[in-house]
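Here are my notes for a colleague opening this model for the first time. Please read them with the structure on screen.

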Protein chains: 2
Amino acid sequence: MYERKIQEDLDCGIIVAMKVFGAKWKPCIIDAISRGAKRPSELHREITNTSPRVIDMQLSELVAYEILSKTIHPGFPLCVEYSLTELGESILPILARLNEWGIKNKEIVKKVSNQQNVNEDLTDKKNKWSTVSSVCQ
Amino acid sequence: MYERKIQEDLDCGIIVAMKVFGAKWKPCIIDAISRGAKRPSELHREITNTSPRVIDMQLSELVAYEILSKTIHPGFPLCVEYSLTELGESILPILARLNEWGIKNKEIVKKVSNQQNVNEDLTDKKNKWSTVSSVCQ
DNA sequence: TTTCATACCGAAAAATTATTCGGTACCTGA
DNA sequence: TCAGGTACCGAATAATTTTTCGGTATGAAA
């Protein structure tokens with residue numbers, strides 16, 4: 001496991017919040033689950049811009065932080081289901097807020113980005129932050 | 001300048017929002033300015049957990065995104081002042097929301113972190129995310 | 001016994017972000 | 001001219017996060 005060299009101040013709310021759901025694919029996963037996806041295989045199928053491994057890692061972090069609960073249904077085929085806890089649900093309005101702000105103000109960001117990258121087409125490339133389908137529309 | 005290898009989807013609000021104010025020291029800088037600090041030298045004095053260079057870099061990004069406006073008063077000594085634009089002000093309630101969530105739920109994060117790092121004291125270390133003094137109180 | 005679908009994980013590599021170091025330039029007063 | 005305060009910036013390095021690759025395990029059915 002990676003061990004931080006520089007410690008974090010876990011009494012700062014923003015640090016805490018970003019630690020819990022401020023990672024590239026977490027908003028995307030939380031969003032997909034809030035829309036009904038439950039099983040890892042569903043999520044893998046639905047979120048195709050990253051590898052299953054990435055999703056698995058973030059899922060287990062979200063479980064550790066009690067944003068998701070995990071239920072194992074033994075049998076065949078093995079079935080695992082994730083769902084939002086109450087704590088997880090409480091993140092949704094904040095994500096919506098962030099998304100709303102971003103949608104409203106994306107033009108300025110695009111403008112700045114265009115000033116910098118005068119090259120490349122964006123087709124088929126991957127992103128630092130994950131597009132969150134329903135939230136992002 | 002660093003050139004991204006993986007492009008971002010700037011139509012996703014969350015991606016945009018995180019690009020604008022989701023960086024280690026930006027909430028801290030925005031917060032300090034909202035509380036009255038204006039000049040770079042003041043910010044350097046007030047935010048001591050990182051180097052002046054870091055603050056300068058983030059300031060100019062925030063100006064590019066029109067979160068801050070920059071006024072140069074020629075004369076001696078040279079005086080530069082940054083202040084929040086209307087767009088910048090619109091971030092404050094979102095930061096407050098993030099902070100509120102984090103404060104309310106920091107215990108679970110601490111618990112998880114303790115399970116992992118059974119070592120090190122936190123004294124004098126630096127953080128991935130910056131403590132935001134008034135917001136974080 | 002092999003195969004297939006499920007779910008998961010370790011470790012290295014790549015990408016990105018943050019930090020440090022050592023500068024420049026401007027203006028003024030000593 | 002030199003020192004001292006202000007504001008800024010390039011480039012190398014370090015730290016962190018994300019991605020890729022190649023596995024393990026379980027149970028059932030062919």
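1. The hairpin of chain A. Strand β1 (residues 68–73) of chain A and β2(A) pair in the antiparallel sense, over 6 bridges. Two strands count as paired if DSSP finds at least two bridges between them. Helices (H or I, at least four residues) and strands (E, at least two) are DSSP runs, numbered from the N terminus. Across the pairing, Ser69(A) stands opposite Ser83(A) in β2(A). The hairpin has 5 residues between its strands, and Gly75(A) takes a positive phi near 130° there.

2. Basis of the notes. This is a predicted model, in which local features need pLDDT of at least 70, side-chain atom pairs count only at pLDDT 80 or more, and totals for chains, interfaces and linings use all residues. Residues are numbered from 1 along each chain as its sequence is written, chains are lettered from A and ligands numbered from 1 in the order in which they are written, and side-chain values use heavy atoms, with hydrogens and water left out.

3. Surroundings of DNA strand C. Which residues come nearest to DNA strand C? They are Arg53(A), Lys70(A), Tyr2(B), Lys24(B) and Trp25(B), out of 24 residues around the strand. A residue is near a strand if one of its heavy atoms lies within 4 Å of it. Of the atoms of DNA strand C that come within 4 Å of the protein, sugar and phosphate account for 66%. By class, the surface has 11 nonpolar, 3 polar and 10 charged residues. Here Ala, Val, Leu, Ile, Met, Phe, Trp, Tyr, Cys and Pro count as nonpolar, Asp, Glu, Lys and Arg as charged, and the others, Gly among them, as polar.

4. Elements at DNA strand C. Both chains take part: α3 (40–46), α4 (52–64) and β2 (79–84) of chain A, and α4 (52–64) of chain B, each supply at least two residues. α4(B) gives the most, with 3 residues.

5. Phosphate contacts of DNA strand C. A polar contact is a pair of N or O atoms within 3.5 Å; within protein, one must be able to donate a hydrogen and the other to accept it, and residues adjacent in sequence count only if both atoms are side-chain atoms. The side chain of Lys24(B) has an N or O atom 2.5 Å from a phosphate oxygen of the strand. For a polar side-chain atom of Ser41(A), the distance to a phosphate oxygen is 2.9 Å. For one of Thr50(B), it is 3.5 Å.

6. Surroundings of DNA strand D. Here 25 residues lie around the strand, and Tyr2(A), Lys24(A), Trp25(A), Arg53(B) and Lys70(B) come nearest. Sugar or phosphate makes up 63% of the strand's atoms within 4 Å of the protein, and bases the rest. The residues divide into 12 nonpolar, 4 polar and 9 charged.

7. Phosphate contacts of DNA strand D. An N or O atom in the side chain of Tyr2(A) is 2.4 Å from a phosphate oxygen. Lys5(A) uses a polar backbone atom, at 2.7 Å from a phosphate oxygen. Thr50(A) has a side-chain N or O atom at 3.4 Å from one. Two or more residues each come from α4 of chain A and from α3 (40–46), α4 and β2 (79–84) of chain B. The largest share, 3 residues, comes from α4(A).

8. Aromatic pairs. How many aromatic pairs does the structure hold over all chains? There are 2. Rings of Phe, Tyr and Trp (its six-membered ring) pair if their centres lie within 6.5 Å; planes under 30 degrees apart count as stacked, over 60 as edge-to-face and the rest as tilted. Phe21(A) and Trp101(B) form an edge-to-face pair, 5.3 Å centre to centre with 85° between the planes. That pair crosses between chains, from helix α1 (residues 13–21) of chain A to helix α6 (residues 92–104) of chain B. Phe21(A) and Trp101(B) are both buried (under 20% relative accessible area; exposed is over 50%, partly exposed in between; 1.4 Å probe, protein chains only). Trp101(A) and Phe21(B) have ring centres 5.3 Å apart and planes at 85°, so this pair is edge-to-face. Trp101(A) lies in helix α6 (residues 92–104) of chain A and Phe21(B) in helix α1 (residues 13–21) of chain B, so the pair joins two chains. Trp101(A) and Phe21(B) are buried.

9. A covered helix. In helix α2 (residues 26–34) of chain B, 8 of the 9 residues are buried. Among them are Cys28(B), Ile29(B) and Asp31(B). Just after α2(B), Gly36(B) takes a positive phi of about 120°.
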